[in-house]
Amino acid sequence: MQMTKRNFALDVLFVYILIVAVTCIAVFFSYHLLYLAVLAIFFFHLFTHLGQTIYLEMYTPSVVTIVLGVLPYSIYAYYRLLDDSVVSVAASE
C-alpha cells in the first residue's frame, strides 16, 4: 500500500492524539509512568530520522522538526520532571 497524504495525515493525527491523551493522564491523574514511556519513545524516535539522514546521505522528512522540536522538548521535559522531583534516577529498593 502506498502512503498517501491522507494516510500520512491520519498517522500524524493518531500520534498527536496519543501524546495529548497520555499527557492529560499524567497531569490530571499524576500517572507519570506512561508519560515517561511515550516521552522515551518520542525521544529515541529522533535517532531514527537522524540515522536515515546519515545513512541515505540526503534529507529525510521531519529531520529538521525532530532536531529543532523534539530534541529540545525532550531534554526540557526530562529536566523539569527531575528538577520538580516528579521522577528520580535513583533505583527503588
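This is a short walk through one protein model, from its overall fold to its surface and its charged side chains.

Before anything else, please keep in mind that the model is predicted, that local features need pLDDT of at least 70, that side-chain atom pairs count only at pLDDT 80 or more, and that totals for chains, interfaces and linings use all residues. Residues are numbered from 1 along each chain as its sequence is written, and side-chain values use heavy atoms, with hydrogens and water left out.

Let me start with the fold. The protein has three helices and zero strands, and along the sequence the pattern reads α-α-α; helices here are DSSP runs of H or I with at least four residues, strands are runs of E with at least two, and both are numbered from the N terminus.

As for overall dimensions, the C-alpha atoms fill a box of roughly 45 × 25 × 25 Å along the principal axes. The radius of gyration is 16 Å, whereas a compact globule of 93 residues would have a value near 12 Å; that radius is taken over C-alpha atoms, and the globule rule is 2.2 Å times the number of residues to the power 0.38.

Of the 93 residues, 17% are buried, where buried means under 20% relative accessible area, exposed means over 50%, and partly exposed lies in between, with a 1.4 Å probe and protein chains only. Among contacts with a separation of 6 or more, 45% join residues 24 or more positions apart, a contact being heavy atoms within 4.5 Å.

Turning to the surface, the protein exposes about 7,500 Å², and carbon and sulfur atoms supply 72% of that area; the areas come from the Shrake-Rupley method with a 1.4 Å probe, and for residues only the protein chains shown count as cover.

Which residues form the nonpolar patch on this surface? They are I25, V27, F28, F29, Y31, L33 and L34, with about 770 Å² of accessible area together. Such patches take residues with over 30% relative accessible area and no salt bridge, joining nonpolar side chains (Val, Leu, Ile, Met, Phe, Trp, Tyr) within 5 Å and like charges within 9 Å. Helices α1 (5-29) and α2 (32-56) each give two or more residues, and α1 provides the largest share, four residues. V27 lies in α1 and is exposed, at 56% relative accessible area.

Finally, the charges. The structure holds one salt bridge, meaning a side-chain nitrogen of Lys or Arg within 4 Å of a carboxyl oxygen of Asp or Glu. It pairs R80 with D84 at 2.8 Å, N to O. R80 is partly exposed at 36% relative accessibility, and D84 is likewise partly exposed at 42%.
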